[in-house]
Amino acid sequence: MSWLDRIWSTVSERGRELIRLPNPQTPPLERTFRLAEALVSERGEASGAALARELQSSYAALDEADRLAFLSFVAGHFSPDETRLMSAAKAYLENPNSQLAMELTAAAEPPRQELLRRMNMAPGGTATLIDIRKDLLRAVKEQPELKPLESDLHHLFSSWFNRGFLELRRIDWNTPAVILEKLITHEAVHEIQGWDDLRRRLGPGRRCFGFFHPTLPGEPLIFVEVALVKGLASAIGPLLERNEAEKGANQPDTAIFYSISNCQEGLRGISFGNFLIKQVVEELKAELPSLKHFATLSPVPGFSKWLMKQFDHDGTDAAALLHPGEEQALLAAVTATQPAEALKAIVQQEGWWSEPALASVLQPILTRLCAVYLTAARDGKGPTDYVARFHLGNGARLERVNWLGNTAPKGIAESFGIMVNYLYDPDLIEINHEIFVKKGLVVRSPEVEALLHHVPHAPAAKSAPAHAIASIVARRQKPKPAADVAAG
């Protein structure tokens, strides 16, 4: 229990003497309704904290159906007063000024938000609200009436989990076991195979950092795993092997971010991962001056699904993506009447990646198509791949496409084993971020640009022009050769 929870626990215990609770014989769901109404109307802090604690306990005791019924009640029952809101809106439209704008804002805020703020006063209130949003996210598609409540929680969490409230901590083998256990549970990219595997990932050549919040001291919100190596890593296997993880590189020059995992499903969509990477870069630079490069070794989770969609309409879309030379190579590799049919036949074969003849045919084709997939601007929206959008939006550059970087079943299923490097250049993070966010343009290396050449039927998406970036860098007095910044 955090110090803040201890204070509110004492306050709520004393406040129990000041409140009237519903009759113990009241049905559980009805009792929860009444506690919510009482909490919104309560004005005393001690009594409010006591009511919040009772409401939290009452909600926790409900079954799944009653929890959803309670959340539906909150979403609908604690909406803004329509009469007051219309009156405030009319007054502002007739005479726009700052005072009436404030009154309109106050009228538009739903009482739901005040209920949620007061629920947060109880010990463990923040954790309860995170669990509530997790329930909402699972149910909102089937029950759209819950969306206003989910939106309120998203709004409040965006403030409560602002970067200014987060604490970056290094996680190592001396970290309390309860936190280490959560790393094993929540690792979402490369499964941790028990305690021995975790110990290797926290060894001399590895680092792990997490963000924590003062109301959840034993709960990492998000954590990142880092390998300290020489040069860009192209495959995940060596990073996870016993010897490589335990000994580490001598005088490493590159930090590879190979796994980033969120621990709280109820905080999905609350952005703090970008701050995590940037702060870890600064921590590592201070600890290890030999580090010159900071990059990821990332999955491409949407590539396989995207490419297989191109086989719709008798493979017409897929055929349009293929270079004539690629078509000939595919038709020579397997018996098929169409290149798209041949490509589909190969990737559906079990273990195709371990067959040198098949792999050599597919390598230039799939790496190029992966580059096409990751650089599609989509009218300024950027690529569809969420991992790509995350790193590009954080200011990284698409640096390299790695053939068979992950031959585990998940890697083959998601991206035909392809992994990519995103490079974080501390001098260019802000510039790359602005280019991607404002224009949806994908900043990429000359190596990636080379993969995109010679595609007559599928022109490469526009990239950030090298001269444009170079001019920005020059204005900031941080000159770099244009070829090292982006390819145009």
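## A buried acid and its partner

Is Asp 152 buried or exposed, and what is its relative accessible area? In this predicted model, Asp 152 has a relative accessible area of 6%, and because buried means under 20%, Asp 152 counts as buried. Arg 112 likewise has a relative accessible area of 6%, so Arg 112 is buried as well.

These two residues form a salt bridge, in which the closest N and O atoms are 2.5 Å apart. The pair links distant parts of the chain, since Asp 152 belongs to helix H9 (residues 147-160) while Arg 112 belongs to helix H7 (residues 111-119), and the two are 40 residues apart.

## Salt bridges with partly exposed partners

The count of salt bridges in the structure comes to 25, and some of them involve residues that are partly exposed. Asp 131 forms a salt bridge with Lys 134, and here the closest N and O atoms are 3.9 Å apart. Both residues lie in helix H8 (residues 125-139), and because Asp 131 and Lys 134 are three residues apart in this helix, they are separated by about one helical turn. Asp 131 is partly exposed, with a relative accessible area of 38%, and Lys 134 is also partly exposed, with a relative accessible area of 25%.

Another salt bridge joins the side chains of Arg 268 and Glu 265, with a distance of 3.5 Å from N to O. Arg 268 has a relative accessibility of 46% and therefore counts as partly exposed, while Glu 265, with a relative accessible area of 32%, is partly exposed too. Beyond such single pairs, salt bridges that share partners join Glu 187, Asp 197, Arg 200, Arg 201 and Glu 225 into one network.

## The buried side of helix H11

Which residues of helix H11 are buried? In this helix, which spans residues 194-201, the buried residues are Asp 197, Leu 198, Arg 200 and Arg 201. They cover an arc of only 160° around the axis, which means that they are on the same side of H11. Three residues of this buried group, Asp 197, Arg 200 and Arg 201, also appear in the salt-bridge network that includes Glu 187 and Glu 225.

## Aromatic rings

A pair of aromatic rings is described by the distance of the centres and the angle of the planes. The structure holds 14 aromatic pairs. In the pair made by Phe 73 and Phe 78, the ring centres are 5.8 Å apart and the planes stand at 85°, so this pair is edge-to-face. Both Phe 73 and Phe 78 are buried.

Ring pairs also link several residues into a cluster, which consists of Phe 303, Trp 306, Trp 352, Trp 353, Tyr 373, Trp 403 and Phe 416. A ring may also have a charged group over it, as with Phe 212, where the charged end of Arg 169 sits over the ring at 3.9 Å from its centre.

## Cysteines without disulfides

How many disulfides does a search of the whole structure find? The search finds zero. For Cys 208, the nearest cysteine sulfur is that of Cys 263, which is 9.0 Å away, and Cys 208 is in no disulfide. A disulfide needs a pair of cysteine sulfur atoms within 2.5 Å. Cys 208 has a relative accessibility of 2% and so counts as buried, and Cys 370, at 0% relative accessibility, counts as buried too.

Technical notes. Residues numbered from 1 in each chain as written. Predicted model: local features only at pLDDT ≥ 70, side-chain atom pairs only at ≥ 80, totals over all residues. Heavy atoms only, no water. Buried < 20%, exposed > 50% of the residue type's maximum accessible area, 1.4 Å probe, protein only. Helix = DSSP H or I, 4+ residues; strand = E, 2+ residues; numbered from the N terminus. Arc of directions from axis to C-beta. Phe/Tyr/Trp six-rings, centres within 6.5 Å; stacked < 30°, edge-to-face > 60°. Lys NZ or Arg CZ within 6 Å of the ring centre and 35° of its normal. Salt bridge = Lys/Arg side-chain N within 4 Å of Asp/Glu carboxyl O.
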